[in-house]
Amino acid sequence: ATEILVNDGGAPARIMNLAPANAAIEAGMFVEINSSGKIIADSDDQEGGSSGQKTSLGVLLVDCVENGPTNIVTGKGVVCNVQAAEAITCGHELTVDNAGKVEPTADADAHRVVAKALAASFNGTDSGGNTTVFVRALLI
């Protein structure tokens, strides 16, 4: 599987188990907490415009199962390989789509930027061996 945490660079990154997972979630996804206190893939589509300034808790470090522990990378200045919804070029400001994956933002003033692409997206593998699009990103 593709490595998620690339380098914390001495940044104040934390890996925390904040709550159990609501359902199975793949590593490299941005996550949030729902009203039941469970971790879910971030579903606030930032580019959709209806929820433009919602925040994510961080990036899931390893796969989790329903009701299982979650290891979430939080903090700023952390370099992670995160799952991408589409091809991304280096330098793009990234926001979250409705499935916990990043996508380039068309309007950083209206949509919360969660990361900056440090390289072009690439094909990696998830823990199931499936080809998945990732991008190396600096969490901001």
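Okay, so strand E1, residues 5–7, pairs with E7 in the antiparallel sense, over two bridges. Keep in mind as I go that this is a predicted model. If you want one contact to look at there, take Leu-5: its bridge partner in E7 is Cys-80.

Now stay on E7, because Cys-80 is worth a look: it's buried, at a relative accessible area of 0%. And what about the rest of that strand? E7 covers residues 79–83, and five of its five residues are buried. Which residues sit on which side? Val-79, Asn-81 and Gln-83 are on one side, Cys-80 and Val-82 are on the other, and both faces are covered.

E7 also pairs with strand E12, which is residues 131–139. That pairing is antiparallel too, and it runs over five bridges. In that pairing, Val-79 stands opposite Leu-138 in E12.

Since I've brought up a cysteine, how many disulfides does the structure hold? Zero. Let me put two cysteines next to each other on the slide. Cys-80 is buried, at 0% relative accessible area. Cys-90 is at 51% relative accessibility, and the cut-off for exposed is over 50%, so Cys-90 counts as exposed.

Back to E12, but for its side chains this time. The structure holds one aromatic pair. Which rings are they? Phe-122 and Phe-134, with centres 6.0 Å apart and planes at 20 degrees. Planes under 30 degrees apart count as stacked, so that's what we call this pair. Where do the two rings come from? Phe-122 lies in strand E11, residues 122–125, and Phe-134 lies in E12, so the pair ties together parts that are 12 residues apart in sequence.

Are those two rings buried or exposed? Well, Phe-134 is buried, with a relative accessible area of 1%. Phe-122 comes out at 29%, which makes it partly exposed.

Last stop, the largest pocket. How much space lies in it? About 250 Å³. There are 14 residues lining that pocket, and the closest to its centre are Ser-56, Gly-75, Lys-76, Val-114 and Ile-140. If you have the structure open, click on those five to find the spot. As for the classes in the lining, seven residues are nonpolar, five are polar and two are charged.

So, to recap: E7 pairs with E1 and with E12, and five of its five residues are buried. Then there's the stacked pair of Phe-122 and Phe-134, and the largest pocket with its 14 lining residues.

Terms used. Residues numbered from 1 in each chain as written. Predicted model: local features only at pLDDT ≥ 70, side-chain atom pairs only at ≥ 80, totals over all residues. Heavy atoms only, no water. 1 Å grid on protein atoms, 1.4 Å probe; cavity = no way out; pocket = protein on both sides within 12 Å on 5 of 7 lines; lining within 4 Å. Points joined across faces, edges and corners; volume = space filled by probe spheres on them. Nonpolar A, V, L, I, M, F, W, Y, C, P; charged D, E, K, R; others polar. Buried < 20%, exposed > 50% of the residue type's maximum accessible area, 1.4 Å probe, protein only. Helix = DSSP H or I, 4+ residues; strand = E, 2+ residues; numbered from the N terminus. Pairing = 2+ DSSP bridges. Disulfide = S-S within 2.5 Å. Phe/Tyr/Trp six-rings, centres within 6.5 Å; stacked < 30°, edge-to-face > 60°.
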